[in-house]
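Biologist: I am new to this structure. Please pick one part for a close look, and then show me what lies elsewhere.

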Amino acid sequence: MGKRLITQRRGRGGPQYRSPSHRHVDDVRLPPFDEGVGTVKDLIQAPGRTSPLAVIDFNGVTDYQLAAAGTKVGQKIYVGGEKVAAGNITRLSRIPEGTAIHNIESKPGDGGKYAKTAGSSATVVSRGEKVVVLMPSGAMKEFNPECRAAIGVVAGGGRGDKPLAKAGKNYLTLRSRSTANKKVSGVAMNAADHPHGGGSHPHVGGPNCQKRTASPGQKVGFLPKKKRK
């Protein structure tokens with residue numbers, strides 16, 4: 001009997017791949033209201049996130065948002081409006097071209113999906129029937145003008161400058177993100193454990209490009225390019 005591939009085991013769940021949700025602070029979604037003013041009460045570290053969080057008080061209601069670079073305690077955070085300042089939240093249709101943004105909604109009201117890691121940001125390129133945004137990957141993406149985003153660059157951009165230094169710290173860091181810290185290549189496994197396994201020396205032993213309709217146990221290696229429309 002062979003074993004499940006690592007990607008299959010991760011999808012199935014279990015103790016080794018279960019996210020420690022009891023340690024997570026908040027889902028960090030954009031506020032559900034369109035207009036408001038809040039005050040930054042504190043900046044905290046959140047396990048499982050690469051950036052610090054800003055604790056914001058909206059008229060007695062505590063909310064958590066990704067801290068933008070330059071955010072400080074006592075700063076006013078405006079939701080809605082056209083004031084362009086780091087940390088403020090508004091619709092894409094109101095943000096000028098060339099502005100750095102983060103935590104962008106994919107659909108109006110979903111709370112934010114894109115550009116949420118430390119040091120990342122996207123850039124508004126043009127506005128019209130659709131708002132074109134230059135994503136951190138370099139791709140251009142169109143958004144509904146009613147989608148909202150936070151202005152500025154996500155704080156914590158220098159996190160990669162400090163090395164982890166030892167395996168234990170890497171293990172604890174990845175555990176907060178429910179990610180295994182050790183990986184084994186398919187060619188190093190037995191034939192019963194992976195399609196690339198087996199043989200007297202590590203080699204794939206055949207084509208490593210699989211069709212998109214392959215079963216999950218066969219879908220390893222590369223996938224063919226998408227057909228052009």
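Modeller: I will start with one strand and the cavity it helps to line, then turn to the cores and a few single residues.

First, the ground rules. This is a predicted model, in which local features need pLDDT of at least 70 and side-chain atom pairs count only at pLDDT 80 or more, while totals for chains, interfaces and linings use all residues. Residues are numbered from 1 along each chain as its sequence is written, and side-chain values use heavy atoms, with hydrogens and water left out.

The strand is β2, residues 53–58. Strands here are DSSP runs of E, at least two residues long, and helices are runs of H or I, at least four long; both are numbered from the N terminus. Five of the six residues of β2 are buried, so the strand is largely enclosed by the rest of the structure. Buried means under 20% relative accessible area, exposed means over 50%, and partly exposed is in between (1.4 Å probe, protein chains only).

β2 has partners. It pairs with β1 (residues 36–44) in the antiparallel sense, over five bridges. Pairing requires at least two DSSP bridges between two strands. I44 is the bridge partner of L53 in β2. β2 also runs antiparallel to β3, and six bridges join them. There, F58 stands opposite V61 of β3. Two residues lie between the strands of this hairpin, and N59 takes a positive phi near 50°. Most residues other than glycine have a negative phi.

Now the cavity. The structure holds one cavity of 30 Å³ or more. The largest cavity has about 90 Å³ of space. A cavity is a set of points on a 1 Å grid over the protein atoms alone, where a 1.4 Å probe fits but cannot get out; lining residues have an atom within 4 Å of a point. Points are joined across faces, edges and corners, and the volume is the space filled by probe spheres set on them. Its lining has 14 residues, and I56, Q65, L66, A68 and G87 are the closest to the centre. β2 and β3 (61–66) each supply at least two lining residues. The lining divides into nine nonpolar residues, five polar and no charged. Nonpolar here covers Ala, Val, Leu, Ile, Met, Phe, Trp, Tyr, Cys and Pro; Asp, Glu, Lys and Arg are charged; the others, Gly among them, are polar.

Next, the cores. The largest nonpolar core has 13 residues. Such a core is a set of buried Ala, Val, Leu, Ile, Met, Phe, Trp, Tyr and Cys residues joined through side-chain atoms within 4.5 Å. L92, I95, I101, I104, A122, V133 and F143 have the most contacts inside this core. Strands β7 (122–126), β8 (131–134) and β10 (148–151) each supply at least two of its residues. Apart from it lies another core, of eleven residues, including L30, V79, I89 and A155.

Two buried loop residues follow. V28 sits in the loop between α1 (6–12) and β1. It is not a glycine, yet its phi is positive, about 55°. Its relative accessibility is 0%. N103 lies in the loop between β6 (100–102) and β7. Phi of N103 is also positive, near 50°, and its relative accessible area is 1%.

Last comes P195, in the segment after α2 (167–175). P195 is partly exposed, at 41%. Leaving aside neighbours within four places in sequence, P195 is in contact (heavy atoms within 4.5 Å) with L5, G217 and V220.

Technical notes: 1 Å grid on protein atoms, 1.4 Å probe; cavity = no way out; pocket = protein on both sides within 12 Å on 5 of 7 lines; lining within 4 Å.
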